[in-house]
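Biologist: Got a minute to walk me through this model? I'd like to go over it piece by piece.

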Amino acid sequence: MKTIGVIGLGNMGRGMALTLQRKGFDVIGTDAAPATRAALAGEGLTVVDTVQQVAARADLLVLSLPTAAIVAQVVAGPGGLLDVPRDGLLVVDTSTSHPDTTRRLAGQLEAAGMSLIDAPVSGGPRGALAGTMTMVIGGSEADVARAMMVLQAMSAKRVHVGPVGAGHVAKIANNLLCAAHLALAGADGARAMMVLQGMSAKGVDVGAVGAGHVAKIGDNLLCGASLEVDGEGARVAEKAVGHTGRVRGVVNDGGVRRFVTE
């Protein structure tokens, strides 16, 4: 497995792509934003314009995308992977996504002769660039084994937690537990945790946050995710806007609170 495609070259995808290239893989990538594609080309990465151009040349695809809806678009939307299936292609979704979406897309890819594993990550852009992330992985034993060389190149710790979709269940559960702990700890506890983790607590707003409010955290960051929750989970998470990364915003999308960190 020599050529790795990376779809999504933002903070996390950039780090993963450059790490893989540094460790000897041929890497080809794309991003929806032309400016991002240009920036990565300037860093020496082979960059093309479309998902299908990446898939045509890659032995394995890494997805690093902000939401489940965008993952679904890349896989099953117009111009996506299912439009021009490649027999045997393995897709590794490192996004923080919905388990149900992951399972549905895995079934569609399998029917077209391809495979998917979910491997959401923590460690932030710094960990992605250093190759020191932690991954929780869902997928068949055979598919995980086939991807292992690439997973090892991108991460320092990997835990295979079950079948496809299980990685995303574990990641979301972890995010919610972290949010709940900080909600219980309150503002002082949140700031104390940040200091212990080497973060700056300067300028932190850890009060209750509703739709449309923005919380900004100081200098450093530990990890990034887009976490979508509703019901009781949303009410808990709204009290913990400083969970483990830098919160860029909280939006109300059709009744679902989406907490987006950088």
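Modeller: Sure, we'll take the ground rules, then the strands, a helix pair and one residue.

Modeller: This is a predicted model, where local features need pLDDT of at least 70, side-chain atom pairs count only at pLDDT 80 or more, and totals for chains, interfaces and linings use all residues. Residues are numbered from 1 along each chain as its sequence is written, and side-chain values use heavy atoms, with hydrogens and water left out.

Biologist: How many helices and strands are there in the protein?

Modeller: Nine helices and 12 strands, taken as DSSP runs (helices H or I, at least four residues; strands E, at least two) and numbered from the N terminus.

Biologist: And what share of the residues count as buried?

Modeller: 51% of the 262 residues. Buried is under 20% relative accessible area, exposed is over 50%, and partly exposed is in between, with a 1.4 Å probe and protein chains only.

Biologist: OK, strands. Which ones are joined to S4?

Modeller: S1 (residues 3-7) is joined to S4 by four bridges, running parallel, and S5 (residues 90-93) is also joined to S4 by four bridges, again parallel. Pairing takes at least two DSSP bridges between two strands. Gly5 stands opposite Leu61 in S4, while Leu63 has Asp93 in S5 as its bridge partner.

Biologist: Which way do the S4 residues point?

Modeller: In S4 (residues 60-63), Leu60 and Val62 point one way, Leu61 and Leu63 the other, and all are buried.

Biologist: What do S4, H4 and S5 make together?

Modeller: A right-handed β-α-β unit. Right-handed here means that, with the strands pointing away from the viewer, the path from the first strand over the helix to the second runs clockwise.

Biologist: Next, H4 and H5. At what angle do their axes cross?

Modeller: Roughly 5°, with the axes of H4 (residues 68-76) and H5 (residues 99-111) coming within 10 Å. So H4 is roughly parallel to H5, the cut-off for that being an angle under 35 degrees.

Biologist: Which residues meet there?

Modeller: Ala68, Val71, Ala72, Val75 and Ala76 in H4 meet Thr101, Arg104, Leu105, Gln108 and Leu109 in H5; contact is heavy atoms within 4.5 Å. The residues of this contact divide into seven nonpolar, two polar and one charged.

Biologist: One last thing: is Thr102 buried or exposed?

Modeller: Thr102, which lies in H5, counts as buried because its relative accessibility is 2%. Beyond its neighbours within four places in sequence, Thr102 is in contact with Ser97, Leu116, Asp118, Val164, Gly165 and His168.

How values were computed. Axes are lines fitted to C-alpha atoms, for helices over the stretch in contact, and angles run from 0 to 180 degrees between N-to-C directions. Angles under 35 degrees count as roughly parallel, over 145 as roughly antiparallel, 65 to 115 as roughly perpendicular and the rest as oblique. Ala, Val, Leu, Ile, Met, Phe, Trp, Tyr, Cys and Pro count as nonpolar, Asp, Glu, Lys and Arg as charged, and the others, Gly among them, as polar.
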